[in-house]
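Me: I would like to learn how to read the overall fold and the nonpolar interior of a model. Could you take me through it step by step?

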Amino acid sequence: MKSLIERLLGDALAALVADGTLPAGTAPAIQVERTRDPSHGDLASNVALTLARGAGMKPRDLAARICEALPADRAVERTEIAGPGFINFFLAADASTAVVAEALRAGERFGECDEGAGRKVQVEFVSANPTGPLHVGHGRGAAVGDSLCRLLRATGWEVSSEFYYNDAGQQIENLARSVQARCRGQAPGDAAWPEDGYRGDYIVEVAEAYLRCDSVAAEDRQVTGAGDPEDLEAIRDFAVAWLRHEQDLDLKAFGVDFDVYFLESSLYRSGEVDDAVKLLVDGGKTYEQDGALWLRTTDYGDDKDRVMRKADGGYTYFLPDVAYHLNKWRRGFTRVINEQGADHHSTVTRVRAGLQALEQGIPEGWPDYVLHQMVTVMRDGAEVKLSKRAGSYVTLRDLIDEVGRDATRYFLAARAPSSQLTFDIDLALSQSNDNPVYYIQYAHARVCSVHQRLAEAGLAWDREAALAHLTLLGNEEEQELLRALARYPETVARAAREAEPHAVANYLRELAGHFHTFYNAHKVLVDDPALRAARVALAEAVRQAIANGLGLLGVGAPERM
RNA sequence: CCGCCUGUAGCUCAGCAGGAUAGAGCAACCGCCUCCUAAGCGGUAGGUCGCAGGUUCGAAUCCUGCCAGGCGGACCA
């Protein structure tokens, strides 16, 4: 509908250019917006305001000329010039109800579009080190990242989701030594306890499983504990597998799955890390200093050069990161989105700089990043900081177990990633109108209940037949609901484009609100068959939008509550 | 000291590709169930959009400078 108005305005402006009212070469980006106030019509444009200066006319006069030049269209009932020079469009009744037919016919595909045109995009998210259970911050990454994947798929992109395991390096060494210490019966605080060891209770569980010679299945392998406390290599393999398994369970409980699990260690085995070094050295981008090998990242916008290979011969985390992204590029992902916590934002410049230094034709701003800010958890008005198992942080599992998957996913995805998030456990737990998850789900359940009643009463409802009666939807609440419903496809498209799933969450809250208002003001199952058919159609269209929208957030849409 | 993010109603937050009187929920107060699930609805009250300049016909939205909070600034990740 928006694009129709844009086209009409474009024709009108072309006509005015042709007759000399507007200077030649006038080709503005025409803005058409949905109005906030129904008295301003359904859609409005500010073109007259933006073009008035160039035309040497008063905005309202120009608006009048534009209106005269507008081609007639049956979807537009009338136009009005308002305020400083806005052109308001009032849609014909059958145009404003068109969205109901669209929703019912499209069904689960309502709201989808082909903006991505089948292009490939890779989304990397969570990517937690396999050194402990996932915490709330990872949960936010999982909720936002997974929802982003769903949004991109819904808008025509071919999405590949990926989890990158840092299963090599110093942190893994700490993990192995921590488990080894537990195997030997040591505890944090003991003299022999490793420096920077992991203190959580789950380390005890890993040690016990290892000593019992348990078998654990990670995504691509099966590892059996050797039972020998002195075999650090065996402990490392077992511990990593155990924690990968643990994280897989956390993600499964959260309803998140990945297309690809990528291991940092594979980059060493395949020689890709060494290849990256060779490319950088041969390209003359490096220098030796104090026994270390440095990369001139300052040539690419970084504020200081970075060490690639330490004096002890080991690589810094930065180098495998570069090799990993080169790997992504070579897999043909011209678009990559990395969703990560903002506490790692300093890597953005570094990775991009490293990729530029490779001179492999990678674009400067590649890859894209979505950074989410920190999460704090509140209960009884106080911040919750500790978990029994993990010790120093609140685990994702704790939250899912306590407030449920749907509420957890909704709350973690409902805020702009760039904003810090306060997760209020009391609110997420409340089974009342305080809780937006239930509020939205309840609207869905109410429509399902209407269908149930309809069937119980032995009343038939035929979709195509109902669509013929939609013009009966004329009262204020119905009109408001139609206006809200019409915004769904635009909301999805924009949320995907801006990588902001929270827009969907907020929209659904509003849509559900309009539905509840309508539902409370008017009976759906009235005696008049035509009106009844039309209202059921409207309710069903809303249900479809809610079900689809919740699906984009990974939240369920129950039929009864 | 430098970089990124944030500052909107008592609280949690939308709005920020400039637009017509700044929104929602919670909390407060007043109402609505012989009626499709009251996990619902209606109403009242509540804001110098951190502060100060600037650009513009028009700024919560863009620019600059301050102030406050969060995060980062390793031969850790």
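Reply: What follows goes from the whole chain to its interior. This is a predicted model, in which local features need pLDDT of at least 70, side-chain atom pairs count only at pLDDT 80 or more, and totals for chains, interfaces and linings use all residues. Residues are numbered from 1 along each chain as its sequence is written, and side-chain values use heavy atoms, with hydrogens and water left out.

Me: How many helices and strands are in chain A?

Reply: Both are DSSP runs numbered from the N terminus, helices being H or I over at least four residues and strands E over at least two. Chain A has 22 helices and 17 strands, and its C-alpha atoms fill a box of roughly 85 × 65 × 40 Å along the principal axes.

Me: What share of the residues in chain A is buried?

Reply: Buried means under 20% relative accessible area, with a 1.4 Å probe and protein chains only; of the 561 residues in chain A, 52% are buried.

Me: Which residues touch the most other members of the largest nonpolar core?

Reply: A nonpolar core is a set of buried Ala, Val, Leu, Ile, Met, Phe, Trp, Tyr and Cys residues joined through side-chain atoms within 4.5 Å. The largest one holds 94 residues, and V100, V126, Y410, F423, L485 and L511 touch the most other members. Helix α22 (residues 529-553) gives the most to this core, with 13 residues. Apart from it lies another core, of 27 residues, including F262 and L295.

Me: What does F423 touch?

Reply: With contact taken as heavy atoms within 4.5 Å, and residues up to four places away in sequence not counted, the partners of F423 include V375, M378, L399 and F411.

Key:
Chains lettered and ligands numbered in written order. Buried < 20%, exposed > 50% of the residue type's maximum accessible area, 1.4 Å probe, protein only.
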